[in-house]
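Here is a short tour for anyone opening this one up for the first time. Have a look around, then read on for the details.

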Amino acid sequence: MQSGHDEKMDTEVREILDYYRRLPDRGSQEVIVSMLRELQDVCGWIGPSILEAAAQAAGVKVSLIQVIMKRYPSLKKSPYVHEIIVCTGRNCAGRDNLKVLQEVKRLLKIGSDGISEDGRVYMKTRACLKQCRTAPNIMVDGKICSGKSAEEIISMVMGHGADI
(Lines give C-alpha, C1' and ligand atoms only; values in the text may rest on other atoms or scores of the structure.)
Protein backbone atom coordinates (compact mmCIF):
# COMPACT_ATOMS: atom_id res chain seq x y z
CA MET A 1 0.00 0.00 0.00
CA GLN A 2 1.33 3.42 -0.95
CA SER A 3 1.67 6.17 1.58
CA GLY A 4 -0.22 9.42 1.13
CA HIS A 5 3.06 11.14 0.31
CA ASP A 6 3.83 8.68 -2.53
CA GLU A 7 0.33 9.05 -3.97
CA LYS A 8 0.62 12.84 -3.88
CA MET A 9 4.00 12.64 -5.61
CA ASP A 10 2.63 10.27 -8.28
CA THR A 11 -0.28 12.66 -8.90
CA GLU A 12 2.09 15.64 -9.23
CA VAL A 13 4.34 13.72 -11.62
CA ARG A 14 1.36 12.74 -13.78
CA GLU A 15 0.14 16.36 -13.84
CA ILE A 16 3.57 17.63 -14.92
CA LEU A 17 3.90 14.99 -17.65
CA ASP A 18 0.36 15.63 -18.92
CA TYR A 19 0.98 19.38 -19.06
CA TYR A 20 4.21 19.04 -21.05
CA ARG A 21 2.77 16.32 -23.30
CA ARG A 22 0.20 18.85 -24.59
CA LEU A 23 2.71 21.59 -25.50
CA PRO A 24 3.31 22.13 -29.22
CA ASP A 25 7.07 22.56 -28.69
CA ARG A 26 7.31 19.70 -26.18
CA GLY A 27 10.43 18.26 -27.83
CA SER A 28 12.53 21.41 -27.62
CA GLN A 29 15.51 21.37 -25.28
CA GLU A 30 14.23 24.38 -23.35
CA VAL A 31 10.86 22.73 -22.68
CA ILE A 32 12.45 19.39 -21.79
CA VAL A 33 14.78 21.06 -19.28
CA SER A 34 11.83 22.87 -17.68
CA MET A 35 9.91 19.61 -17.42
CA LEU A 36 12.91 17.78 -15.92
CA ARG A 37 13.44 20.53 -13.35
CA GLU A 38 9.80 20.36 -12.28
CA LEU A 39 9.97 16.58 -12.04
CA GLN A 40 13.15 16.81 -9.97
CA ASP A 41 11.52 19.36 -7.65
CA VAL A 42 8.78 16.81 -6.94
CA CYS A 43 10.88 13.61 -6.87
CA GLY A 44 14.25 14.90 -5.70
CA TRP A 45 16.02 13.31 -8.68
CA ILE A 46 15.36 11.86 -12.16
CA GLY A 47 15.35 8.08 -11.85
CA PRO A 48 15.10 5.64 -14.78
CA SER A 49 11.28 5.41 -14.71
CA ILE A 50 10.87 9.20 -14.60
CA LEU A 51 13.45 9.53 -17.39
CA GLU A 52 11.43 7.17 -19.59
CA ALA A 53 8.14 8.90 -18.81
CA ALA A 54 9.70 12.30 -19.56
CA ALA A 55 10.98 11.04 -22.92
CA GLN A 56 7.50 9.76 -23.81
CA ALA A 57 5.87 13.04 -22.75
CA ALA A 58 8.37 15.02 -24.84
CA GLY A 59 8.04 12.65 -27.80
CA VAL A 60 11.80 12.03 -27.91
CA LYS A 61 14.16 9.12 -27.32
CA VAL A 62 15.46 8.39 -23.82
CA SER A 63 19.00 8.91 -25.16
CA LEU A 64 18.18 12.56 -25.93
CA ILE A 65 16.97 13.10 -22.36
CA GLN A 66 20.20 11.51 -21.10
CA VAL A 67 22.30 13.86 -23.25
CA ILE A 68 20.35 16.87 -21.97
CA MET A 69 20.85 15.72 -18.38
CA LYS A 70 24.62 15.56 -18.94
CA ARG A 71 24.56 19.17 -20.16
CA TYR A 72 22.71 20.34 -17.04
CA PRO A 73 24.62 19.20 -13.94
CA SER A 74 21.85 20.50 -11.67
CA LEU A 75 19.66 17.65 -12.94
CA LYS A 76 20.35 14.67 -10.67
CA LYS A 77 20.18 11.10 -11.98
CA SER A 78 20.65 9.66 -8.51
CA PRO A 79 19.38 10.59 -5.07
CA TYR A 80 22.93 11.47 -4.06
CA VAL A 81 23.43 13.42 -0.89
CA HIS A 82 27.02 14.59 -1.39
CA GLU A 83 28.84 16.08 -4.35
CA ILE A 84 32.62 16.03 -4.73
CA ILE A 85 34.26 18.12 -7.46
CA VAL A 86 37.94 17.49 -8.08
CA CYS A 87 39.97 20.24 -9.74
CA THR A 88 42.06 18.94 -12.63
CA GLY A 89 43.61 22.31 -13.48
CA ARG A 90 47.36 22.56 -13.99
CA ASN A 91 48.18 23.68 -10.43
CA CYS A 92 45.99 21.09 -8.73
CA ALA A 93 46.84 18.20 -11.05
CA GLY A 94 50.51 18.94 -10.57
CA ARG A 95 50.09 18.59 -6.82
CA ASP A 96 48.70 15.05 -6.71
CA ASN A 97 44.99 15.88 -7.10
CA LEU A 98 44.71 13.21 -9.81
CA LYS A 99 46.04 10.59 -7.36
CA VAL A 100 43.51 11.78 -4.76
CA LEU A 101 40.78 11.56 -7.43
CA GLN A 102 41.66 7.93 -8.23
CA GLU A 103 41.88 6.97 -4.56
CA VAL A 104 38.51 8.58 -3.68
CA LYS A 105 36.95 6.82 -6.68
CA ARG A 106 38.35 3.50 -5.55
CA LEU A 107 37.41 3.86 -1.88
CA LEU A 108 33.86 5.09 -2.57
CA LYS A 109 33.39 2.66 -5.48
CA ILE A 110 32.50 5.47 -7.90
CA GLY A 111 31.18 4.13 -11.20
CA SER A 112 31.74 5.48 -14.71
CA ASP A 113 28.64 7.65 -14.24
CA GLY A 114 30.32 9.42 -11.31
CA ILE A 115 27.96 7.94 -8.73
CA SER A 116 29.06 5.81 -5.78
CA GLU A 117 27.91 2.22 -5.53
CA ASP A 118 25.43 3.17 -2.79
CA GLY A 119 24.11 6.16 -4.80
CA ARG A 120 24.86 8.66 -2.04
CA VAL A 121 27.91 10.42 -3.54
CA TYR A 122 28.30 12.09 -6.94
CA MET A 123 31.84 12.87 -8.04
CA LYS A 124 33.01 14.84 -11.05
CA THR A 125 35.98 16.82 -12.24
CA ARG A 126 36.25 20.43 -13.26
CA ALA A 127 39.09 21.96 -15.28
CA CYS A 128 39.59 24.69 -12.68
CA LEU A 129 37.93 25.70 -9.43
CA LYS A 130 39.52 29.19 -9.65
CA GLN A 131 41.37 28.72 -6.35
CA CYS A 132 44.88 28.15 -7.75
CA ARG A 133 46.67 29.96 -4.92
CA THR A 134 45.54 27.22 -2.48
CA ALA A 135 46.09 24.23 -4.80
CA PRO A 136 45.39 21.36 -4.73
CA ASN A 137 41.65 21.86 -4.31
CA ILE A 138 38.61 19.65 -4.07
CA MET A 139 35.09 20.93 -3.47
CA VAL A 140 32.91 18.90 -1.10
CA ASP A 141 29.26 19.89 -0.93
CA GLY A 142 30.10 23.40 -2.17
CA LYS A 143 33.01 23.96 0.24
CA ILE A 144 36.58 24.30 -1.07
CA CYS A 145 39.00 21.92 0.63
CA SER A 146 42.69 22.55 -0.02
CA GLY A 147 45.46 20.00 0.29
CA LYS A 148 43.28 17.17 1.61
CA SER A 149 44.07 13.48 1.21
CA ALA A 150 41.53 10.96 -0.13
CA GLU A 151 40.96 9.71 3.42
CA GLU A 152 40.30 13.26 4.68
CA ILE A 153 37.80 13.89 1.86
CA ILE A 154 35.97 10.64 2.62
CA SER A 155 36.00 11.46 6.33
CA MET A 156 34.40 14.84 5.55
CA VAL A 157 31.63 13.16 3.56
CA MET A 158 31.09 10.56 6.27
CA GLY A 159 31.00 13.31 8.89
CA HIS A 160 28.05 14.86 7.03
CA GLY A 161 25.86 11.83 7.64
CA ALA A 162 26.71 9.51 4.74
CA ASP A 163 26.74 5.78 5.45
CA ILE A 164 29.89 5.01 3.54
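Before the first numbers, one bit of vocabulary: two residues are in contact when they have heavy atoms within 4.5 Å of each other. Keep in mind too that this is a predicted model.

## The overall picture

With that meaning of contact, take the pairs in the protein that are at least 6 residues apart in sequence: 60% of those contacts join residues at least 24 apart. The chain has 164 residues, and 38% of them count as buried. If you follow the C-alpha trace along its principal axes, it spans about 55 × 35 × 20 Å.

What is the chain built from? There are seven helices and four strands. Reading from the N terminus, the elements come in the order α-α-α-α-β-α-α-β-β-β-α.

## Tyrosines in pairs

Rings of Phe, Tyr and Trp make a pair when their centres lie within 6.5 Å, and by this rule the count comes to two aromatic pairs. Tyr19 and Tyr20 make up one of them, with 5.0 Å from centre to centre and 90° between the planes. Planes over 60 degrees apart count as edge-to-face, so this pair gets that label. The two partners sit in unlike surroundings: Tyr19 is partly exposed, at 42% relative accessible area, whereas Tyr20 is buried, at 6%.

Tyr80 and Tyr122 form a stacked pair, 5.1 Å centre to centre and with 25° between the planes. Tyr80 lies in the loop between α4 (62-71) and β1 (82-87), while Tyr122 belongs to strand β2 (residues 121-126), so the pair ties together parts that are 42 residues apart in sequence. How much of each partner is accessible? Tyr80 has 11% relative accessibility and counts as buried, and Tyr122, with a relative accessible area of 16%, is buried as well. Tyr80 has another partner to look at: the charged end of Lys76 sits over the Tyr80 ring, 4.6 Å from the ring centre.

## The largest pocket

Next, look for an opening. The largest pocket holds about 340 Å³ of space. Which residues lie nearest its centre? Those are Gln66, Met69, Lys70, Leu75 and Lys77, out of a lining of 14 residues.

The lining is made up of nine nonpolar, two polar and three charged residues. Helices α3 (48-58) and α4 each supply at least two residues of that lining. The largest share comes from α4, which gives three residues.

## Gln40 and its contacts

Now find Gln40, which is part of helix α2 (residues 29-43). Is Gln40 buried or exposed? Its relative accessibility is 14%, so Gln40 counts as buried, the cut-off for buried being under 20%.

Setting aside neighbours within four places in sequence, Gln40 is in contact with Trp45, Ile46, Ser74, Leu75 and Lys76. Two of these names have come up already: Leu75 is one of the residues nearest the centre of the largest pocket, and Lys76 has its charged end over the ring of Tyr80.

## Backbone details in the loops

Some spots in the loops are worth a closer look. Going from Ala135 to Pro136, the peptide bond is cis, with omega near 0°. Pro136 sits in the loop between β2 and β3 (137-140).

Which residues other than glycine have a positive phi? Lys109 is one of them, with phi near 55°, and its place is in the loop between α6 (97-108) and β2. Asp141 is another, with a phi of about 50°. Asp141 is found in the loop between β3 and β4 (143-146), where it counts as partly exposed at 35% relative accessibility.

## Out on the last helix

To finish, go to helix α7 (residues 150-159), where you will find Met158. Met158 is partly exposed, with a relative accessible area of 40%.

How far is Met158 from His82 in space? The two are 76 residues apart along the chain, and their C-alpha atoms are separated by 9.6 Å.

Technical notes. Residues are numbered from 1 along each chain as its sequence is written. This is a predicted model: local features need pLDDT of at least 70, side-chain atom pairs count only at pLDDT 80 or more; totals for chains, interfaces and linings use all residues. Side-chain values use heavy atoms; hydrogens and water are left out. Rings of Phe, Tyr and Trp (its six-membered ring) pair if their centres lie within 6.5 Å; planes under 30 degrees apart count as stacked, over 60 as edge-to-face and the rest as tilted. Buried means under 20% relative accessible area, exposed over 50%, partly exposed in between (1.4 Å probe, protein chains only). A charge sits over a ring if NZ of Lys or CZ of Arg is within 6 Å of the ring centre and within 35 degrees of the ring normal. On a 1 Å grid over the protein atoms alone, a cavity is a set of points where a 1.4 Å probe fits but cannot get out, and a pocket is an open set with protein on both sides within 12 Å along at least five of seven lines; lining residues have an atom within 4 Å of a point. Grid points are joined across faces, edges and corners, and a volume is the space filled by probe spheres set on the points. Ala, Val, Leu, Ile, Met, Phe, Trp, Tyr, Cys and Pro count as nonpolar, Asp, Glu, Lys and Arg as charged, and the others, Gly among them, as polar.
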